[in-house]
Amino acid sequence: MSKTDTAARSARAKALIERLGGRPLILVGMMGAGKTTVGRRLAARLGRRFLDSDEEIEKAAQMTIPEIFAQRGEPEFRTGEMRVISRLLKENDLVLATGGGAFVNPETRSLVKAGAISVWLKADLDVLFERVSRRSNRPLLKTADPKGTLEKLIADRYPIYAEADVTVLSRDVPQDHVAADVISALLHHLR
């Protein structure tokens, strides 16, 4: 990256930091959309702390997400998820990656809308399926037809994710490009 590119990138990050005014930045979207990877890059560019709500839930419950689903069920997981996100939204200068179902919960969505700026990382089915197929820790995809299940989740969730403040396309490019797209979209939204 040239000095000019670096200076421009730095100036855009500084402008966004001012416009956010400390409000948390929340990334929402399907599993495999890149929320954690993009979130880490955004936090680094903006000089913010990065957290992943799933990791915070695991710490609080002292068990993994698949264990919580197996032992307590999805409804109890969603209740715990909402409590953890509610606590995290009180922090300033935070970039938070949420689990795929977090924003779908009306109470959690309402908390996010009231206390943060939300960004939907939107990806198409093929991109998501290729990414999630690399890992076996997705409780909602432990079905006879994981791609069909993912397709149904997309149909159910995309209209809800569309309520986020900003939508950015997550695609097969280096995640730094997606992070730059998020910064551009937020600068436009907060102008």
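## A walk through the sheet, its helices and two odd loops

Let's start in a loop: the one between α3 and α4 (65-72) is where you'll find Q62. This is a predicted model, and in it Q62 has a positive phi of about 55 degrees although it is not a glycine. That's worth a second look, since most residues other than glycine have a negative phi. Q62 is exposed, with a relative accessible area of 74%.

D93 does something along those lines in the loop between α5 and β3. Its phi is near 55 degrees, again a positive value in a residue other than glycine. D93 is partly exposed, at a relative accessible area of 37%. Here are the two loop residues, with T108 of helix α6 added for its burial:

| Residue | Relative accessible area | State |
|---|---|---|
| Q62 | 74% | exposed |
| D93 | 37% | partly exposed |
| T108 | 0% | buried |

Now for the sheet. In what order do the five strands of the open sheet run? They go β2-β3-β1-β4-β5, with parallel pairing. The edges are β2 (49-52) and β5, each of which pairs on one side only. From one strand to the next, the twist averages 20 degrees.

At the β2 edge, β2 and strand β3 (residues 94-97) pair in the parallel sense over four bridges, and D52 stands opposite A97 in β3. Helix α3 (residues 53-61) packs on the sheet here, touching β2 and β3, and its direction makes about 65 degrees with that of β2.

Over at the other edge, strand β4 (residues 117-122) and β5 also pair in the parallel sense, over four bridges. One pairing to look for is W120, whose bridge partner in β5 is T167. Strand β5 (residues 166-169) has alternating side chains: V166 and V168 point to one face and are buried, while T167 and L169 point to the other and are not. Lying across β1 (25-28), β4 and β5 is α9, which runs at about 155 degrees to β5. The angle is over 145 degrees, so α9 counts as roughly antiparallel to β5.

What about the nonpolar core? The largest one has 59 residues, and L25, L42 and V119 are those with the most contacts inside it. Helix α9 (residues 175-189) supplies the largest share of this core, seven residues. V119 ties several of these pieces together: leaving aside its neighbours within four places in sequence, it is in contact with L25, I26, L27, V28, A164, V166, V168, V182 and L186. V166 and V168 in that list are the buried side chains of β5.

Last stop, a helix pair. How do the axes of helix α5 (residues 74-88) and helix α6 (residues 106-115) cross? They come within 10 Å and cross at roughly 5 degrees, so α5 and α6 are roughly parallel to each other. On the α5 side the contact is made by M82, I85 and S86, and on the α6 side by E107, T108, L111 and V112. Sorted by class, that gives four nonpolar, two polar and one charged residues.

T108 deserves a closer look. Is it buried or exposed? It is buried, with a relative accessible area of 0%. Apart from neighbours within four places in sequence, T108 is in contact with M82, I85 and A102. Of these, M82 and I85 belong to α5's side of the helix contact.

Conventions:
Residues are numbered from 1 along each chain as its sequence is written. This is a predicted model: local features need pLDDT of at least 70, side-chain atom pairs count only at pLDDT 80 or more; totals for chains, interfaces and linings use all residues. Side-chain values use heavy atoms; hydrogens and water are left out. A nonpolar core is a set of buried Ala, Val, Leu, Ile, Met, Phe, Trp, Tyr and Cys residues joined through side-chain atoms within 4.5 Å. Buried means under 20% relative accessible area, exposed over 50%, partly exposed in between (1.4 Å probe, protein chains only). Contact means heavy atoms within 4.5 Å. Axes are lines fitted to C-alpha atoms, for helices over the stretch in contact, and angles run from 0 to 180 degrees between N-to-C directions. Angles under 35 degrees count as roughly parallel, over 145 as roughly antiparallel, 65 to 115 as roughly perpendicular and the rest as oblique. Ala, Val, Leu, Ile, Met, Phe, Trp, Tyr, Cys and Pro count as nonpolar, Asp, Glu, Lys and Arg as charged, and the others, Gly among them, as polar. Two strands pair if DSSP finds at least two bridges between them.
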